[in-house]
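Colleague: I'd like to learn how to read a model like this one. Could you walk me through it, feature by feature?

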Amino acid sequence: MRKNDKSGFIGKALIAIAFAVSSCISGFAQITNHYEGAIARSRTVITDSMRAQNIPGLSIAVAVNGKIVWSEGFGLADLENQVHVTPATRFRIASVSKLFTAAAMARAYDQGKLDLDTAVQQYVPDFPRKEQEITARQLAGHLSGIRHYRRDPDETKDEFFNRKEYYKSVTDGLKVFQNDPLDFPPGTKYGYSSFGYTLLSAVIEGATGQDFVMYMQEQVFDPLNMRSSSADDNKKIISNRTRFYSLDANKKLINAPYIDRSYSWAGGGFLSNSEDLVRFGSAHLYDGFLLEKTRNQMFTSQRTSGDKETGVGFGWRIGKDKAGSTIYFHPGENVGGRSYLMIYPEKKVVVAMLANLTGASLARITDISEQFLRETP
């Protein structure tokens with residue numbers, strides 16, 4: 001934690017997080033026994049899905065009431081060297097990264113460093129002014145009008161497959177889109193945008209006076225004991241990072257093409273494992289990591305200027321499951337990586353699933369979630 005944070009805030013946060021997120025060994029064994037049937041049925045779901053889609057490696061974790069009750073790896077993280085997936089394996093979490101960024105924004109807001117409703121130029125003075133002001137709240141809820149990646153049949157021109165250069169800073173990444181016109185006036189429409197999150201990370205840097213990735217480490221990863229979460233930096237040796245795979249036209253496994261995410265850490269550039277993700281999700285169920293008023297805003301749908309609900313709060317999507325219960329969730333898709341994180345707040349169940357294959361479907365995470373919801377009082 002930063003030295004200039006208020007001591008009272010730190011104390012309350014650490015106590016609440018320790019109570020809610022950490023899991024004791026004896027409790028783990030007892031709860032796991034309770035969920036033996038759900039785990040056995042879920043293993044069948046996973047192995048069937050992996051076989052049907054030719055997924056090399058997959059990881060799953062489930063937390064209930066802030067405690068991890070199941071965590072397991074399936075298949076291979078590295079086909080050439082026959083390295084098995086374990087709970088420690090780090091995958092590309094793609095757009096689930098946006099939830100990390102939203103949490104960092106919320107922390108800065110709680111600390112009084114960031115105004116969610118002022119123009120972004122207060123924190124990023126060099127960002128070109130548009131016809132209307134853009135705010136951090138709009139960026140977090142995809143209401144800013146900032147464009148998304150430009151797609152192209154030619155991968156060398158497709159921004160999703162960026163491999164042109166390594167961007168040395170968050171503000172360097174703004175150059176990709178900062179001079180482009182907005183897709184719509186801010187606040188008037190919902191328009192999903194990873195580049196909006198690149199700008200949001202620059203706002204966080206300007207508000208806190210700290211490098212975005214370092215702020216994420218100190219204010220999100222460290223407090224929640226997320227030891228396997230980091231930027232997917234191609235230049236660094238990162239332990240337990242999986243290899244990344246795709247399927248060719250004949251559905252044969254091949255190495256995924258090289259990409260660089262340094263222009264979009266905030267929107268889709270982090271690595272993590274499933275255990276870290278359920279720790280992260282569980283922290284949003286209790287006071288401590290965030291103030292209650294901020295958590296309420298995070299999980300309340302934003303509205304357009306025409307008073308239409310978007311179904312998105314601060315990053316998180318808000319919906320209902322088959323039984324009509326509230327869910328908070330976000331999927332992610334990247335080259336060589338798929339991710340899914342789901343929170344069931346009424347039963348305090350959190351489920352994360354990760355895979356190392358481009359285009360893999362993780363839709364059956366809902367089937368797995370139902371197994372645990374049925375067993376949870």
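Colleague: How do the residues of the lining of the second largest pocket divide by class?

Modeller: Happy to start there, and please keep in mind that this is a predicted model. Sorting a lining by class simply asks how many of its residues are nonpolar, polar or charged. Here the second largest pocket has seven charged residues in its lining, along with five nonpolar and three polar ones. Its volume is about 250 Å³.

Colleague: Which residues lie nearest the centre of the second largest pocket?

Modeller: Of the 15 lining residues, those nearest the centre are D321, K322, A323, Y344 and L373.

Colleague: And which elements each supply at least two residues of that lining?

Modeller: Three do: strand 10 (326–334), strand 11 (337–344) and helix 12 (365–375). Helix 12 gives the largest share, four residues.

Colleague: Across which strands does helix 12 lie?

Modeller: Reading a helix against a sheet means asking which strands it touches and at what angle it runs. Helix 12 lies across strand 1 (57–64), strand 2 (67–78), strand 11 and strand 12, and its angle to strand 11 is about 30 degrees.

Colleague: In what order do the seven strands of that open sheet come?

Modeller: The order is 3-2-1-12-11-10-9, with antiparallel pairing. To find the edges, look for strands that pair on one side only; these are strand 3 (83–84) and strand 9 (317–320). Inside the sheet, strand 11 and strand 12 (residues 349–355) are antiparallel partners over seven bridges. For a single position to look at, M342 stands opposite V351 of strand 12.

Colleague: What is the order of the three strands in the other open sheet?

Modeller: That one reads 4-8-5, again with antiparallel pairing. Its edge strands are strand 4 (91–92) and strand 5, each pairing on one side only. Strand 4 meets strand 8 (residues 270–272) over two bridges, in the antiparallel sense. There, R92 has L271 as its bridge partner in strand 8.

Colleague: What is the volume of the largest pocket, and what lines it?

Modeller: The volume is about 360 Å³. Its lining has 16 residues, and the closest to the centre are D211, V213, A231, D233 and K236. Two elements give two or more residues to this lining, helix 8 (212–221) and strand 5 (230–231). Helix 8 has the largest share, with four residues. By class, the lining holds nine nonpolar, four charged and three polar residues.

Colleague: Now a single residue: is Q178 buried or exposed?

Modeller: The way to read this is to compare the relative accessible area with a cut-off, and buried means under 20%. Q178 has a relative accessible area of 17%, so Q178 counts as buried. Q178 sits in the loop between helix 6 (170–173) and helix 7 (194–208).

Colleague: Which residues is Q178 in contact with, leaving aside its neighbours within four places in sequence?

Modeller: Those contacts are with F127, P128 and K130.

Colleague: To finish, how many helices and strands are there in the protein chain, and what share of its residues count as buried?

Modeller: The chain has twelve helices and twelve strands. Of its 377 residues, 59% count as buried. Another whole-chain reading asks how far apart in sequence the contacting residues are. Among contacts with a separation of 6 or more, 69% join residues 24 or more positions apart.

How values were computed:
Residues numbered from 1 in each chain as written. Predicted model: local features only at pLDDT ≥ 70, side-chain atom pairs only at ≥ 80, totals over all residues. Heavy atoms only, no water. 1 Å grid on protein atoms, 1.4 Å probe; cavity = no way out; pocket = protein on both sides within 12 Å on 5 of 7 lines; lining within 4 Å. Points joined across faces, edges and corners; volume = space filled by probe spheres on them. Pairing = 2+ DSSP bridges. Contact = heavy atoms within 4.5 Å. Axes fitted to C-alpha atoms, helices over the stretch in contact; angles between N-to-C directions. Buried < 20%, exposed > 50% of the residue type's maximum accessible area, 1.4 Å probe, protein only.
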